[in-house]
Amino acid sequence: MMLRITPWLAIDDALITEDFVRASGPGGQNVNKLSTAVQLRFPVHGNPDLPPDVAERLARLAGRRLTQEGVIVIMAQRFRTQERNRADARERLLRLIAQAAERPLTRRPTRPTLGSKVRRLEAKSRRSGIKSLRRVKPDVD
């Protein structure tokens, strides 16, 4: 099954692997018995579903969550149930990929307008006038 991220990008659900481990957070009596935390793994490098530029941005955005092998590891243990933690981990992965799929805007350099240049020079001369009035003029006796 393909998970749609943007209208032009979808990833294969089979590439996502999930391991269930014991959570350290809330859970009451079940915290020592049940494996409710989810450790989600998603390969970035060599992934056929991700265009190279998206994979590069995703690796940069993942930061510490990216392993040496190029796999994103997301740990979810916020909730008490396995299902909610699983949904949380998947949602976080999809948000991360969607953020990486957005192409950054290239900055086009602009030049200051004539009006802004004039205002800047007028402010400088005004400030210069104020400072010149502060100068102590020596008395000629």
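At what angle do helix α1 and helix α2 pack, and how far apart are their axes? In this predicted model, α1 covers residues 52-62 and α2 covers residues 82-101, and the two pack at an angle of about 125 degrees with their axes 8 Å apart. That angle makes α1 oblique to α2. If you wonder why both an angle and a distance turn up here, two packed helices are described by the angle between their axes and the distance between the axes.

**Where the two helices meet**

As α1 passes α2, the crossing is right-handed. On the α1 side, the contact is made by V54, R57, L58, L61 and A62. On the α2 side, look for L96, I97, Q99, A100 and A101. Sort these residues by class and you get eight nonpolar, one polar and one charged.

So which residues of α1 are buried? They are V54, A55, R57, L58, A59 and A62. These buried residues pack against β2, β4 and β5, as well as against α2. Just after the helix comes G63, which takes a positive phi of about 60 degrees.

R57 deserves a look of its own. R57 sits in helix α1 and has a relative accessible area of 13%, and because buried means under 20%, R57 counts as buried. Skip the residues up to four places away in sequence, and R57 touches A100, A101, E102, R103 and P104. Two of the names in that list, A100 and A101, also belong to the α2 side of the helix contact.

**The nonpolar core**

Next, the inside of the model. The largest nonpolar core has 24 residues, and the ones touching the most other members are I11, F42, L50, L58 and I97. Which elements give two or more residues to this core? They are the strands β1 (2-6), β2 (9-12), β4 (37-43) and β5, together with the helices α1 and α2. Helix α2 gives the most, with six residues.

I11 shows what a well-connected core member looks like up close. Leaving aside neighbours within four places in sequence, I11 is in contact with M1, M2, L3, I5, I16, F42, D49, L50, L94 and I97. Three of those partners, F42, L50 and I97, are themselves listed with I11 among the residues that touch the most other core members.

**Four residues to compare**

Here are four residues from other parts of the model, each with its accessibility and the distance from its C-alpha atom to that of one partner. Is each one buried or partly exposed?

| Residue | Relative accessibility | Partner | C-alpha distance |
|---|---|---|---|
| I74 | 1% | E102 | 21 Å |
| V21 | 29% | V38 | 6.3 Å |
| T67 | 26% | P43 | 9.5 Å |
| G115 | 31% | D13 | 56 Å |

I74 is found in strand β5, which runs over residues 71-76. With 1% relative accessibility, I74 counts as buried. Beyond its neighbours within four places in sequence, I74 is in contact with V38, Q39, L40, A89, R92 and L93. I74 and E102 are 28 residues apart along the chain.

V21 belongs to strand β3 (residues 17-21), and V21 counts as partly exposed at 29%. Its contacts, not counting residues up to four places away in sequence, are S35, T36, A37 and M75. V21 and V38 are 17 residues apart along the chain, with 6.3 Å between their C-alpha atoms.

T67 is in the loop between α1 and β5. At 26%, T67 is partly exposed. From T67 to P43 you count 24 residues in sequence.

Finally, G115 lies in helix α3 (residues 114-134). G115 counts as partly exposed too, at 31% relative accessibility. G115 and D13 are 102 residues apart along the chain, and their C-alpha atoms are separated by 56 Å.

Definitions and conventions:
Residues are numbered from 1 along each chain as its sequence is written. This is a predicted model: local features need pLDDT of at least 70, side-chain atom pairs count only at pLDDT 80 or more; totals for chains, interfaces and linings use all residues. Side-chain values use heavy atoms; hydrogens and water are left out. Axes are lines fitted to C-alpha atoms, for helices over the stretch in contact, and angles run from 0 to 180 degrees between N-to-C directions. Helices (H or I, at least four residues) and strands (E, at least two) are DSSP runs, numbered from the N terminus. Angles under 35 degrees count as roughly parallel, over 145 as roughly antiparallel, 65 to 115 as roughly perpendicular and the rest as oblique. A crossing is left-handed if the near helix is turned anticlockwise from the far one by less than a right angle, and right-handed if clockwise. Contact means heavy atoms within 4.5 Å. Ala, Val, Leu, Ile, Met, Phe, Trp, Tyr, Cys and Pro count as nonpolar, Asp, Glu, Lys and Arg as charged, and the others, Gly among them, as polar. Buried means under 20% relative accessible area, exposed over 50%, partly exposed in between (1.4 Å probe, protein chains only). A nonpolar core is a set of buried Ala, Val, Leu, Ile, Met, Phe, Trp, Tyr and Cys residues joined through side-chain atoms within 4.5 Å.
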